[in-house]
Amino acid sequence: MSGDNGAGASEALGRYADSLVRGEDPADIPPTLDAGTVELVRRLNDLGRVPIPAAARERIWNTFSAQLGQEDREMETMERVVITNLRPVGRPRPAMPTPRPLAKRQTRWHGRALSSLATAALIVAMLGGVLMTAGDIRLGNIQFGGILPAGLWQDVPAENTVDAGTYRGNAARTGENPGPGPSSAPEVLWSFPIGLGGYSAPVIEDGIAYVIDADGVLYAVDAATGTERWRLETTGAAPAAWGPAVAGGTVYAPMPDGVFYALDAITGEQRWTYETGDQSCAAPAVLDGVVYGAVGCTPQGGAVFALDAASGAEIWRVETDASRAATPAVAGGMLFIAAGGSNRQASSSSAVIALEAATGEQRWEFDTNGAIFSAPAIVADTVYVTSATGTYALDVATGEQRWHHEISSFSAPAVADDLVLVSSDRLVLYALDAMTGEERWQFQTMVIPAYEGEVTVAGGVAYLGNQNGAVFAIDVATGVEVWQVTLEAGIHVPPAVVDGVIYFNASQYGTGSLIALGAGPSSAQDSGATPSALSAPAGISFVASGLTNPRGFSWAPDGTLYLAQAGTGGDNVLVEAEGFTALGGETSSVATVSGGCATVVSANIHSVLWKEAGWIWGAMDVEFLGDVPYVLISGSGPTWGTGNGVTGVFRINADGSLTLAADLGGWLASNPPIFSAPDYAGRDGSEFDMEPMGDAFLISVADGGHLIKAVPDGEISLYADLSEGHLVPTGIAVSADGNAYIGFETTPPYENGASKVVKIAPDGTVSDVWTGLTAVTDVEIGPDGVLYAAEMSIDNAETDPFLNSTSGRIVRQTGPDSLEAVVTDAPPPVGIGFGADGALYFDYPAFGPDAGVGIGVIARVDLAMGPVSFAGVEAPPTCA
Amino acid sequence: LLTHAPPEVMAETDAALVARAQAQRGAFEALYRRYADAVYWYCLRELRDPDAAEDVASEVFAKALVALPGYQERVGSSFRSWLFRIAHNAIVDAVRADRRNEKLDAAANLIDTEPTPEEAALLVGQQRWLLEAMEHLTEDQRRLVGLRLAGLTGGEIATVLERNRSWVDTTYFRAVARLRVLLDAGTGEEATNVRG
């Protein structure tokens with residue numbers, strides 16, 4: 001931290017922190033604070049907004065209620081009422097605002113005399129528009145039909161088309177960009193360092209990217225290479241800069257020195273300047289040869305103005321009285337601007353004001369009773385605006401409210417494909433029907449509420465980033481994620497999307513970067529040169545194919561990949577009972593995998609097929625203690641009709657022979673589960689997964705519900721009895737601090753959301769840590785420290801065979817009851833693991849036709865490439 | 001800050017909710033929902049034990065509800081500072097009780113500041129780093145930053161910790177400076193580019 005560390009600086013920091021916790025205007029940063037400190041305090045403030053696990057909140061409530069219940073029986077009434085109503089925190093519905101008559105607020109705006117010949121031309125143009133009273137209105141690529149109020153609304157000029165040279169893509173601020181975006185998860189093409197970053201949305205025009213940093217520098221950067229073309233340095237730090245506008249070969253930039261610059265877009269040569277007298281928290285718009293801008297970031301007031309684009313001459317200027325001015329939207333001869341909002345208090349007076357674009361004369365005003373901090377979006381005859389009291393659709397001609405939705409936001413909406421996209425303060429992107437306001441879909445973005453989460457739409461895909469660097473591409477029509485990648489810097493402003501590239505202004509602890517994301521050379525080569533039958537989407541590769549019933553795998557200390565293969569059962573009828581025919585043979589093995597080929601190192605392991613169910617047991621997992629490999633073998637012992645066989649953990653000797661290290665069947669014979677399910681196999685159980693824990697292994701017994709701890713050549717003990725409810729424990733992960741995480745397969749019909757992951761603490765306490773999962777076969781802790789789970793099959797049928805073979809997923813935990821899919825549409829996964837390279841490895845299928853002969857695969861997924869779909873993907877032969 | 005919804009969009013003030021809850025205990029739910037997250041986080045950061053944090057947070061709300069009829073808003077104070085004063089005292093009591101049981105000293109050496117996987121799912125990237133870095137602050141600094149994260153203003157923190165505003169500002173300034181140093185040390189070259 002630099003600067004004065006005496007009382008002045010600490011008081012300034014205290015005041016700034018106070019304003020943040022009060023949710024006040026973060027633009028009011030004391031000049032004594034340096035940028036790094038400001039960014040750090042801002043991030044600390046954001047940290048306080050992370051919600052706690054819902055389960056914890058409910059437990060606190062229950063405990064709290066119970067404590068009071070002991071002291072005060074009156075609480076019982078309250079408890080009943082409240083617990084049934086316990087739900088995510090909602091928002092009080094605000095009083096419904098109404099349009100206000102013009103006369104009430106006329107004193108707020110002080111028009112300045114029209115001052116240019118250009119005004120006369122505009123008036124003529126306006127008069128021309130007056131003649132048009134009905135018909136189709138076009139804006140961008142959207143068309144609506146309708147009857148228009150006479151004398152006010154004009155057809156939208158051709159100049160108001162979508163381009164990447166204007167903040168929100170056009171003067172109407174619809175949030176559209178020309179696109180296209182990258183067709184799949186992109187990679188970083190280049191990164192250009194700027195000063196204090198994160199506030200100005202980049203704009204792109206004629207192959208040059210323009211961005212303003214908060215230190216007062218405008219950069220022009222080659223959009224293809226990321227090299228600097230020119231820069232304009234001004235004095236004074238910008239509290240926030242919404243970005244320049246580029247049109248007709250000129251860049252129009254409101255800079256923090258209070259000067260509005262017009263510069264040659266190619267050379268940076270100055271064409272004219274306009275003294276605004278204040279800083280700007282608004283991006284300009286250029287339309288019909290007129291530049292519209294606004295200044296004033298504080299409640300002390302500001303102004304909206306129209307300038308002749310060629311000369312900089314002022315056409316009109318309207319002062320705002322005790323109001324800040326946000327980015328104006330211009331369309332159809334009207335200018336709409338949000339004014340007011342001295343802070344982000346709901347009670348603060350804020351309004352959408354409609355002015356005639358030609359004269360600045362006010363036409364109507366709509367009071368939202370809550371702060372507005374962002375630009376309205378104009379489509380056809382509707383103004384869409386977000387505020388602290390919700391999202392509104394207003395008639396452009398009268399300001400009359402068409403609909404209101406309670407979603408509050410401080411970010412500008414985007415309007416595309418008949419949907420209004422609003423980043424709410426609930427960390428969610430909402431899509432509302434543009435005509436009715438009805439909610440169509442939600443998408444969790446984890447965007448911290450601020451002026452953030454504004455989306456840019458191109459080609460039917462919405463792009464946005466969050467403060468943690470996650471970049472999302474979301475299908476606008478459905479709300480389904482197309483891909484997601486993560487940058488190492490946070491994102492606070494919307495991107496520009498053009499020519500297959502996404503441009504972000506990102507910030508990491510105050511240091512900004514202009515980043516270009518697009519399809520890299522490697523993925524381009526993959527998609528172009530590889531035969532389609534063998535191609536895989538970017539991020540997917542295959543380690544081995546042609547396997548038979550692969551199960552658990554792990555890496556030896558020397559990096560060699562070991563795999564358990566459960567075999568195919570055999571010809572020997574071991575058990576023949578109603579509904580349970582066991583066919584056995586020595587077809588299971590342990591193999592190493594290298595160069596795409598599996599080499600058996602321990603053969604002739606007993607395998608058994610439950611004929612009626614199609615399930616196979618044999619070698620289920622291979623794990624290491626030190627450099628010694630062990631294999632978990634299930635499906636042997638008296639229960640399975642192999643009198644001499646043993647279900648247990650075996651040491652794999654150097655010559656491939658096996659030595660029994662833990663007789664699990666013998667231990668289970670005298671340790672039945674508390675709750676015996678009807679399908680409990682009996683004393684030998686059906687062991688599924690094995691995971692090292694210190695000098696022992698934890699082993700899950702799927703049908704019994706046991707979690708067993710077995711020290712090789714030592715004690716076998718019950719670690720946890722999870723038999724209640726017969727959820728069928730399968731995958732195990734053990735964290736460095738000794739917590740065990742257990743997933744559950746559940747039972748037919750493998751209902752969606754019925755599975756979960758529980759944590760078993762070292763003291764034996766069992767708690768749910770991740771709910772809402774489906775048919776989990778394995779759990780792992782990723783290199784990011786977060787839980788991942790394999791879901792065998794989702795959207796399962798209610799009747800036999802219940803599961804389907806193309807809906808497997810690998811999911812990542814995003815909250816106590818939420819997830820994001822990193823692999824979708826996959827054959828049913830069995831085991832997952834993370835390699836030393838940080839990539840996700842998983843094998844499949846858990847079940848399949850023809851006893852699974854030769855259809856097993858180990859796949860590798862590069863998580864940095866975003867989520868991948870296995871739909872239509874076939875693994876090629878990997879072993880010659 | 002204190003719930004999923006920022007305070008500015010909550011139509012009812014704390015004072016109005018308190019008045020309702022004083023008249024009708026069932027109305028306390030709204031206050032609970034507004035502050036449950038913040039109180040729990042504060043307890044967790046101080047106690048560094050999720051189970052203990054849940055217990056103490058429950059106790060805080062139980063005490064607050066019992067004491068609510070006698071609560072009066074005073075100049076310079078607020079319901080929030082009153083609630084966190086209760087939380088602060090409950091945490092101090094819990095720590096003392098643990099020390100009496102000679103548990104804490106032993107446990108303190110075993111505390112792993114790494115978040116658990118389920119916590120890691122909620123806290124990503126720099127957030128996680130900040131939480132870890134807070135462990136390197138002094139007790140006063142950590143407590144103060146924790147109250148800032150809980151959404152308290154400097155004046156409210158002064159009330160909770162029974163200090164003056166000047167002490168709060170100075171201590172917070174030093175805490176942030178300390179975090180900046182840790183940041184520079186922790187992120188190497190990139191951190192040296194932080195301007196100012």
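Biologist: What follows helix H8(B), and what is the sign of its phi?
Modeller: Gly151(B) follows H8(B), and its phi is positive, near 95 degrees. The model is predicted.

Biologist: What makes H8(B) mostly covered?
Modeller: The helix takes in residues 139-149 of chain B, and nine of its eleven residues are buried. Among them are Leu144(B), Val145(B), Leu147(B) and Leu149(B), along with Arg142(B), Arg143(B) and Arg148(B).

Biologist: Which residues of H8(B) does Tyr172(B) touch, and which of chain A?
Modeller: Leaving aside residues up to four places away in sequence, Tyr172(B) touches Leu144(B), Val145(B) and Arg148(B), and in chain A Leu13(A), Ala17(A), Val41(A) and Leu44(A).

Biologist: Which residues have the most contacts inside the largest nonpolar core?
Modeller: They are Phe28(B), Val39(B), Phe61(B), Phe79(B), Phe84(B) and Tyr172(B), in a core of 78 residues. Helix H2 (residues 28-47) of chain B gives the largest share of this core, 13 residues. There is also a second, separate core of 34 residues, which includes Val575(A), Val608(A), Phe697(A) and Ile699(A).

Biologist: How do you know that the span of helix H3(B) agrees with its number of residues?
Modeller: The expected span is 1.5 Å times one less than the number of residues. For the 18 residues of H3(B), residues 50-67, that comes to 26 Å, and the end C-alpha atoms are 25 Å apart, so the two agree.

Biologist: What lies at the start of H3(B), and which of its residues are buried?
Modeller: At the start of H3(B), a side-chain oxygen of Asp49(B) comes within 2.9 Å of the backbone nitrogen of Asp51(B). The buried residues of H3(B) include Phe61(B), Val56(B), Val60(B) and Leu65(B), and also Glu54(B) and Ser58(B).

Biologist: Why is Thr814(A) called buried?
Modeller: Buried means under 20% relative accessible area. Thr814(A) has 18%, therefore it is buried. Its place is in strand S60 (residues 808-815) of chain A.

Biologist: What makes the pair Thr814(A) and Ser818(A) a polar contact?
Modeller: The limit for the N or O atoms is 3.5 Å. The side chains of Thr814(A) and Ser818(A) make their contact at 2.8 Å.

Biologist: How many helices and strands does chain A have, and what percentage of its residues is buried?
Modeller: Chain A has seven helices and 65 strands. Of its 880 residues, 62% are buried. The chain exposes about 30300 Å², with 51% of that supplied by carbon and sulfur atoms. Among its contacts between residues at least 6 apart in sequence, 50% join residues at least 24 apart.

Notes. Residues are numbered from 1 along each chain as its sequence is written. Chains are lettered from A and ligands numbered from 1 in the order in which they are written. This is a predicted model: local features need pLDDT of at least 70, side-chain atom pairs count only at pLDDT 80 or more; totals for chains, interfaces and linings use all residues. Side-chain values use heavy atoms; hydrogens and water are left out. Helices (H or I, at least four residues) and strands (E, at least two) are DSSP runs, numbered from the N terminus. Buried means under 20% relative accessible area, exposed over 50%, partly exposed in between (1.4 Å probe, protein chains only). A polar contact is a pair of N or O atoms within 3.5 Å; within protein, one must be able to donate a hydrogen and the other to accept it, and residues adjacent in sequence count only if both atoms are side-chain atoms. Contact means heavy atoms within 4.5 Å. Accessible areas come from the Shrake-Rupley method with a 1.4 Å probe; for residues, only the protein chains shown count as cover. A nonpolar core is a set of buried Ala, Val, Leu, Ile, Met, Phe, Trp, Tyr and Cys residues joined through side-chain atoms within 4.5 Å.
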